[in-house]
Amino acid sequence: MALRGFFSYWIIPVFSSLVWLGMLLGLLLHWIVGTHRRLYPSMEEGQTIAYISDVGAQELKPLFIAGSAVVTVTLDLSFVAERWLRHRGRLVRNSSVGERVLVALTIVFAIIGTCGLILLSIFDTWRHPRLHDIFLLLFIAGYLLSAVFICWEYQRLGIKHRDFRVLRASFWVKLTFILVEIVLAIVFAATSFTRHRNIAAVFEWVIAFVFTFYILSFVIDLLPAIHTRHPSARFEKPRDMEEGNGGVGLAGNGNGHGNGGDHTNGGGYRREYPMDSNPPNF
């Protein structure tokens with residue numbers, strides 16, 4: 001029973017990241033080991049390192065399409081699950097219109113990134129090079145902007161709920177991802193534009209592998225929901241707390257009081273995740 005209670009929505013990003021990592025390793029090892037670094041027809045003269053798209057345009061195209069579809073759909077489900085859990089009080093609730101707008105923008109741009117990745121895997125670089133490049137840009141821009149908006153949301157939540165270290169951990173992980181991926185994307189674009197194809201190919205693989213850690217960051221977001229299964233452990237709605245406590249606070253322990261009567265910044269009562277009293281080192 002304890003093991004059953006441990007599994008929850010956090011399994012979604014774990015599954016998504018494993019599929020993504022498995023797909024990348026499958027493509028890379030197939031090119032290195034299976035084909036002995038084959039020069040594909042989509043590769044330019046002088047290019048000896050294959051892009052992900054070069055490998056995915058050949059015999060492993062079904063794997064590329066299926067993997068891209070599964071990863072992006074399950075990642076988007078992680079976004080939706082996070083919003084649903086906040087709405088239900090299983091996670092710290094969004095208490096302002098601005099936060100809800102950021103959530104909506106996060107999901108919208110994630111869907112744009114999803115369409116970009118699925119379409120670039122279908123319209124491969126060998127048969128549809130121009131469309132492939134457009135969808136590649138859509139994929140990178142979509143998920144980067146989505147990361148920016150969810151990072152912004154977590155920054156606002158972290159300011160209002162400073163006691164929750166999980167919020168800060170998630171914010172810094174996502175901010176690090178954004179900064180690293182922007183730098184890598186700039187180098188990738190610059191080397192592609194100047195036709196340094198081998199260097200650009202290396203950076204494309206690196207960008208893709210770093211994306212694995214972004215997917216895994218949603219485990220940090222969804223894991224605390226295992227402690228709020230029971231209705232009495234959930235977070236109150238902001239309007240209820242304003243009426244009862246004169247400010248935005250958090251749910252008590254079922255008797256109207258917080259843990260030890262500690263106050264939050266919003267004038268309500270404090271309630272901790274069990275994992276906050278002994279937080280993991282992120």
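**Notes on the pocket and the cavities**

1. Let me start with the open space: α6 provides the largest share of the lining of the largest pocket, eight residues. Keep in mind that this is a predicted model.

2. The volume of that largest pocket comes out at about 620 Å³. Its lining counts 22 residues, and the ones closest to the pocket centre are Asp133, Leu136, Phe188, Ser192 and Arg197. Besides α6 (129-160), the elements giving two or more residues to this lining are α3 (52-56), α7 (165-193) and α8 (197-222).

3. As for chemistry, the lining of the largest pocket is a mix: 10 nonpolar residues, six polar and six charged.

4. Now for the enclosed space. Searching the whole structure turns up three cavities of 30 Å³ or more, and the largest cavity has a volume of about 270 Å³.

5. Who sits around the largest cavity? There are 20 lining residues, with Leu136, Phe139, Ile140, Ile207 and Ala208 nearest the centre. Leu136 is worth a look on screen, since you'll find this residue among those closest to the centre of the largest pocket and also among those nearest the centre of the largest cavity.

6. At least two lining residues of the largest cavity come from each of α2 (11-34), α3, α5 (97-122), α6, α7 and α8. Here again α6 gives the most, with five residues.

7. The lining of the largest cavity splits into 17 nonpolar residues, one polar and two charged. Set that beside the 10 nonpolar, six polar and six charged residues lining the largest pocket.

Methods: Residues numbered from 1 in each chain as written. Predicted model: local features only at pLDDT ≥ 70, side-chain atom pairs only at ≥ 80, totals over all residues. Heavy atoms only, no water. 1 Å grid on protein atoms, 1.4 Å probe; cavity = no way out; pocket = protein on both sides within 12 Å on 5 of 7 lines; lining within 4 Å. Points joined across faces, edges and corners; volume = space filled by probe spheres on them. Helix = DSSP H or I, 4+ residues; strand = E, 2+ residues; numbered from the N terminus. Nonpolar A, V, L, I, M, F, W, Y, C, P; charged D, E, K, R; others polar.
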